[in-house]
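Please find below my note on this model, set out as numbered points. It may be read with the coordinates open alongside.

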Amino acid sequence: MSITASLTRAWRIAADIADPELPMLSIADLGILRDVRWEDGTVSVLITPTYSGCPAMSAIADDITAAFAAAGIAPVHVRRVLAPAWSSDWITPAGRRKLAAAGIAPPTPGSAPIACPRCASMETAMLSPFGTTACRALWRCRACGEPFDRFKCH
Ligand SMILES: [Zn+2]
């Protein structure tokens, strides 16, 4: 197999890894997966955490290593890339649709109003900066009264 074909296959394997905190999204959907490349004779998978110290990153690294081992690609080197910092702009359109379908408000730039993922009302307010996971904040819709998670902007 050529290196290009191998890397294409390696990218597909890495792009299939689900995010531990948002399992409906892959790490490619979230923009965490930055690159898959050859470095010093091994496959390197470059990932950028959604924020520094994100506890999910070691789980993601373990999942990548396991998926590549299962596919017969070993060793694989998972490398964290901290610069440039992850931005919610890196979430793909498909990723944003999956977030909304799961009832999680996708990140919006700056201080743009947050629409309720259930009824689309803009009458929403943050209840707590701490949601069900470290990467989410808890919001509540004043129109339908439902709480919802908002994926934090970084
Ligand atoms: Zn609502």
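The points go from the chain as a whole to its domains, sheets, core and backbone geometry.

1. Basis of the note. The model is predicted, and in it local features need pLDDT of at least 70 and side-chain atom pairs count only at pLDDT 80 or more, whereas totals for chains, interfaces and linings use all residues. Residues are numbered from 1 along each chain as its sequence is written.

2. Overall make-up. The chain holds four helices and seven strands, where helices (H or I, at least four residues) and strands (E, at least two) are DSSP runs numbered from the N terminus. In sequence order these elements give the pattern α-α-β-β-α-β-α-β-β-β-β. The C-alpha trace spans about 55 × 25 × 25 Å along its principal axes. Of the 154 residues, 31% count as buried; a residue is buried if 20 or more other C-beta atoms lie within 10 Å of its own, exposed if 12 or fewer, and partly exposed in between, with C-beta atoms placed from the backbone.

3. Domains. The domain assignment divides the chain into domain 1 (3-88) and domain 2 (103-151), the bounds coming from an automatic or database domain assignment. The centres of the two domains, taken over C-alpha atoms, are 28 Å apart. Five residues of domain 1 are in contact with four residues of domain 2, contact meaning that the C-beta atoms of two residues, placed from the backbone, lie within 7 Å. On the domain 1 side, the touching residues are two nonpolar, two polar and one charged; here Ala, Val, Leu, Ile, Met, Phe, Trp, Tyr, Cys and Pro count as nonpolar, Asp, Glu, Lys and Arg as charged, and the others, Gly among them, as polar.

4. The three-stranded sheet. This open sheet has the strand order 1-2-3 with mixed pairing, two strands being paired if DSSP finds at least two bridges between them. Strand 1 (33-39) and strand 3 (76-80) are at the edges with a single partner strand each, so one side of each has no neighbour in the sheet. Neighbouring strands are turned against each other by 25 degrees on average, direction ignored. Strand 2 (residues 42-47) and strand 3 run parallel and are joined by five bridges, with valine 43 standing opposite valine 76 in strand 3.

5. Helices on this sheet. Helix 1 (residues 3-15) packs on the sheet and touches strand 1 and strand 2, its direction making about 145 degrees with that of strand 1. Helix 3 (residues 56-70) also packs on the sheet, where it touches strand 2 and strand 3 and makes about 160 degrees with the direction of strand 3. For these angles, axes are lines fitted to C-alpha atoms, for helices over the stretch in contact, and the values run from 0 to 180 degrees between N-to-C directions.

6. The four-stranded sheet. A further open sheet has the order 4-7-6-5, again with mixed pairing, and its edge strands, strand 4 and strand 5, each pair on one side only. Strand 6 and strand 7 run antiparallel and are joined by five bridges; arginine 140 stands opposite proline 147 in strand 7.

7. Nonpolar core. The largest nonpolar core has 32 residues, of which Ala14, Ile27, Ile32, Val45, Ile47, Ile60 and Ile64 touch the most other members; such a core is a set of buried Ala, Val, Leu, Ile, Met, Phe, Trp, Tyr and Cys residues joined through C-beta atoms within 7 Å. Helix 3 gives the largest share, five residues, and at least three residues come from each of domain 1 and domain 2. Leaving aside neighbours within four places in sequence, isoleucine 60 is in contact with Ile17, Pro20, Ile27, Ile32 and Ile47.

8. Backbone geometry to check. Most residues other than glycine have a negative phi, and most peptide bonds are trans. The bond from alanine 74 to proline 75 is cis, with omega near 0 degrees, and proline 75 is in the loop between helix 3 and strand 3. A cis bond also joins alanine 83 and proline 84, with omega about -5 degrees. Aspartate 40, in the loop between strand 1 and strand 2, has a positive phi near 55 degrees and counts as exposed because it has 6 C-beta neighbours inside 10 Å. Alanine 120 has a positive phi of about 70 degrees and is exposed, with 11 other C-beta atoms within 10 Å.
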